[in-house]
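Work through these exercises with the chain open in a viewer. Try each task before reading its solution.

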Amino acid sequence: MGLDPGLRRLALGTLLAAYPGPVPPDWAVDLLADGLAGHTLFGTNIHDPAQVAASTAALRAGRPDVIVAIDEEGGDVTRLAHATGSPYPGNAALGAVDDPDLTRRVYAAIGAELAALGVTVDLAPTVDVNTADENPVIGTRSFGADPKRVAVHSAAAVAGLQSTGVAACAKHFPGHGATVADSHHELPTVDVPPAVLRERDLPPFAAVVDAGVRAVMSAHIRVPALTGDGPATFSRAVLHDLLRVEYGFTGAIITDALEMKGAVLAAGGVGAGAVRALAAGADLLCIGARVDAELVESVAAEIVAAVADGRLARERVEEAAGRTAALAAASGPADAPPPAVDGLGYAAALRAVRVEGDLTRDTVPLVVQVHAPSTVAEGRVPWGLGPHLAAGVEQARAVAGETGPEQLRRLAGDRPVVLVGRHLHRLPGARELVEALAATHQVTVVEMGWPGAWRPAGARAFVATHGASHANGRAAADALGLTA
């Protein structure tokens, strides 16, 4: 016996799927006609603007009010510019500049580009307060470590995005900034009382709710005082009591990807996680990036079965589908989206560069980029100074823990060295490499990740870009006098 058609359609109305490749397959469009809420676009779905616009048009042919979502944060997390790096700096750079109007304009430019391509929901901004220098997944995605500053810029980002008709989704509630584990791979724990969350992590969420944010994303983090042994995504105390009741949020609650280890390990599978998230108060369930028709149907079937056996009230699913439909109806191009401003991202990135020490030198340096692994959120996006360097500036690559200082000394000869890295303070072997080289050579360190508190002993200068986007790389090369 097949699923009840009405219940299946209702269940599909709470699901945000994805598909492989640059062209939506038939099943992805057919499921939209059956009631699927929408799809998230990832880097594998994006080749060029014309192709993206054609893809979103094909999805709207399945249903005109489809939700087309994307993680376009600017900075280190970009889907549209995954092949080159974002032309805009990310949140850490904007927080360092501390000009809320600039933040609003950058996010309005991002929103205008998304609106022109047919994207309706941006899974941004990240409004986490990054209070842990060792945080492996937030870092430069955060506006900073000060709750008040993060709150001001979070509200400005939401205003900029939503001025273009693209819905903003603030993430990751109730705050991922104090974690030292990556929820893509495990379930991080933030073991603090609710009072600490209210003072440290929650002010930016209060600010975006006041700013009218249309969606909030839940975090796959454990806060024992509120969530017990499970993640916030499955906690009614977090999603309903805290976000809905205490903070007064009336928009759509979107889950972080249910395929992530922080969720799937706690639930025992994507379908079981979908049921638990709905029961807790989530409205739109992001399945993840690796999705096919079979997975969508199995998750929908699990929701239908949960309604039938009493694990899930039908009224809760109806409420979730209703909020998701309202999000879809409220999202779309504004009457006159502001045009993108040429050079805006680069100018913003240049304002974010911070220099400690002396950059003067007599000869052209050797530029060495230290390899750094990317997170799942970032993906393998190009970064560094390479594309921006003038002819005649020699480049080399190093791997911390493998490349020895003597190798770099031989390459550099008598030249000074510009050593470029990301999160050098937490990259095994990087500190030792930098400081050993600085003992014999004039070394300038360019930190393109979260700068943290560490400063390399013996280095002549330390340059913080507060991000590794294409714009950040160009700004750093300019500040060092290495561009053409």
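Five exercises follow, each with a worked solution.

The model is predicted, so local features need pLDDT of at least 70 and side-chain atom pairs count only at pLDDT 80 or more, while totals for chains, interfaces and linings use all residues. Residues are numbered from 1 along each chain as its sequence is written, and side-chain values use heavy atoms, with hydrogens and water left out.

**Exercise 1. Domains and their interface**

Find the two domains and describe the interface between them.

Solution.
- Start with the bounds, which come from an automatic or database domain assignment. Domain 1 covers 5-330 and domain 2 covers 353-480.
- Take the C-alpha centres next. Those of domain 1 and domain 2 lie 33 Å apart.
- List the contacts (heavy atoms within 4.5 Å). On the side of domain 1, 33 residues touch 24 residues of domain 2.
- Compute the buried area, the accessible area (1.4 Å probe) that two parts lose on being put together, summed over both. Between domain 1 and domain 2 this is about 2,000 Å², with 56% from carbon and sulfur atoms.
- Rank the residues of domain 1. Asp 76, Asp 133 and Thr 140 lose the most area to domain 2, together 27% of what that side buries.

**Exercise 2. Salt bridges**

Locate the salt bridge that crosses the interface, then one inside a helix.

Solution.
- Apply the rule: a side-chain nitrogen of Lys or Arg within 4 Å of a carboxyl oxygen of Asp or Glu.
- Search everything. The whole structure holds 28 salt bridges.
- Restrict the search to the interface of domain 1 and domain 2, and 1 salt bridge is found.
- Inspect Arg 422 and Asp 76. Their side chains form a salt bridge at 3.4 Å, N to O. Asp 76 is also among the residues of domain 1 that lose the most area to domain 2.
- Turn to Asp 101 and Arg 104, whose salt bridge spans 2.8 Å, N to O. They are 3 residues apart in helix α5 (residues 100-117), so about one helical turn separates them.

**Exercise 3. The sheet**

Give the strand order of the open sheet and identify its edges.

Solution.
- Use DSSP runs, numbered from the N terminus: helices are H or I, at least four residues, and strands are E, at least two. Two strands pair if DSSP finds at least two bridges between them.
- Read the order of the 8 strands: β7-β6-β5-β4-β3-β2-β1-β8, with parallel pairing.
- Mark the edges. β7 (252-254) and β8 (285-286) each have a single partner strand, so one side of each lacks a neighbour in the sheet.
- Check one pair. β5 (residues 167-173) and β6 (residues 215-218) run parallel over 4 bridges. Cys 169 has Ala 215 of β6 as its bridge partner.

**Exercise 4. Cis peptide bonds**

Place two cis peptide bonds in the fold.

Solution.
- Recall the background: most peptide bonds are trans.
- Go to Ala 124 and Pro 125, joined by a cis bond with omega about 5°. Pro 125 sits in the loop between β4 (121-122) and α6 (147-162).
- Go to Lys 171 and His 172. This bond is cis too, with omega near 10°. His 172 belongs to strand β5.

**Exercise 5. A positive phi**

Where is His 423 found?

Solution.
- Check phi. His 423 has a positive value of about 55° and is not a glycine.
- Place the residue. His 423 lies in the loop between β12 (417-421) and α17 (430-438).
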